[in-house]
Amino acid sequence: MTISSASGGGVSRRTLLLGCVAGGAGALATRASALEMSHVKVSKDCVHYTTAAVNGHRCGACKLYVAPSSCIDVSGDVGPDCGCRIWLPKAA
Ligand code: SF4
């Protein structure tokens with residue numbers, strides 16, 4: 001899945017997350033494997049977290065949101081009316 005629908009950037013969600021946890025291009029493959037084997041949260045800055053919905057998508061409607069104020073993939077508290085570039089729709 002790409003995040004183009006949420007951000008207009010066309011960058012894959014996986015690529016964005018891996019870029020957040022990797023220290024550089026040389027570390028990317030190693031970090032990619034580590035990420036897939038263990039769950040790593042990324043910073044709000046890395047995913048362009050904001051206190052408003054992003055392209056109409058808000059945390060409260062995201063598959064990764066854990067009420068009342070957590071996210072499976074992003075560190076720190078998140079708000080239901082906030083948003084970021086890796087938003088995922090909840091399953092229907
Ligand atoms: S939009 Fe989803 S992935 Fe992004 S911070 Fe909110 S709950 Fe987490």
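**Burial and fold**

I began with burial in this predicted model: 24% of the 92 residues of the chain count as buried. I then listed the secondary structure and found three helices and two strands. Read from the N terminus, the elements follow the order α-α-α-β-β. I also looked up the sequence separation of the contacts. Among those joining residues at least 6 apart in sequence, 58% link residues at least 24 apart.

**Confidence**

I checked the pLDDT next. The chain has an average of 80, and 71% of its residues reach at least 70. By element, helix 1 (residues 4–7) has the lowest confidence, with a mean of 45, while strand 1 has the highest, at 97. Residues 4–8 have a pLDDT below 50, and I noted ten contacts in the model between this stretch and residues beyond its near neighbours in sequence.

**Nonpolar core**

I examined the largest nonpolar core, which has 17 residues. The members that touch the most others are Val47, Cys59, Val74, Val78, Cys84 and Ile86. Helix 2 (residues 13–21) supplies the largest share of this core, namely three residues.

**Ligand shell and Cys59**

Which residues are closest to the ligand? I found Cys59, Cys62, Tyr65, Cys71 and Cys84 in that position, within a shell of 15 residues. By class, this shell contains 13 nonpolar residues, one polar and one charged.

Cys59 belongs to the closest residues around the ligand and is also one of the best-connected members of the core, among those touching the most others. I therefore listed its contacts, leaving aside neighbours within four places in sequence; by the 7 Å C-beta cut-off, the partners of Cys59 are Tyr65, Cys71, Val78, Gly79, Pro80, Cys82 and Gly83. Cys84 likewise appears both among the residues closest to the ligand and among the core members with the most contacts.

**Backbone geometry**

I screened the backbone against the usual expectation that most residues other than glycine have a negative phi and that most peptide bonds are trans. Three entries resulted.

- The peptide bond from Ala67 to Pro68 is cis, with omega near 10°. I located Pro68 in the loop between strand 1 (65–66) and strand 2 (70–71).
- His48, not a glycine, has a positive phi of about 60°. I placed His48 in the loop between helix 3 (28–37) and strand 1. Because 15 C-beta neighbours lie inside 10 Å, His48 counts as partly exposed.
- Asn55 also has a positive phi, near 50°, and is found in the loop between helix 3 and strand 1. Asn55 counts as partly exposed because it has 13 C-beta neighbours inside 10 Å.

**Two pairs distant in sequence**

Is Asp77 buried or exposed? I found Asp77 to be exposed, because 11 other C-beta atoms lie within 10 Å and the limit for exposed is 12 or fewer. Asp77 is in the segment after strand 2. I recorded its distance to Lys44: the two residues are 33 apart in sequence, with 9.5 Å between their C-alpha atoms.

I treated Asp45 in the same manner. Asp45 lies in the loop between helix 3 and strand 1 and counts as exposed, so assigned because it has 9 C-beta neighbours inside 10 Å. Its C-alpha atom is separated by 9.3 Å from that of Cys84, which is 39 residues away along the chain.

Notes. Residues are numbered from 1 along each chain as its sequence is written. This is a predicted model: local features need pLDDT of at least 70, side-chain atom pairs count only at pLDDT 80 or more; totals for chains, interfaces and linings use all residues. A residue is near a molecule or strand if its C-beta atom, placed from the backbone, lies within 6 Å of it. Ala, Val, Leu, Ile, Met, Phe, Trp, Tyr, Cys and Pro count as nonpolar, Asp, Glu, Lys and Arg as charged, and the others, Gly among them, as polar. A nonpolar core is a set of buried Ala, Val, Leu, Ile, Met, Phe, Trp, Tyr and Cys residues joined through C-beta atoms within 7 Å. A residue is buried if 20 or more other C-beta atoms lie within 10 Å of its own, exposed if 12 or fewer, and partly exposed in between; C-beta atoms are placed from the backbone. Helices (H or I, at least four residues) and strands (E, at least two) are DSSP runs, numbered from the N terminus. Two residues are in contact if their C-beta atoms, placed from the backbone, lie within 7 Å. pLDDT is the predictor's confidence in each residue, from 0 to 100.
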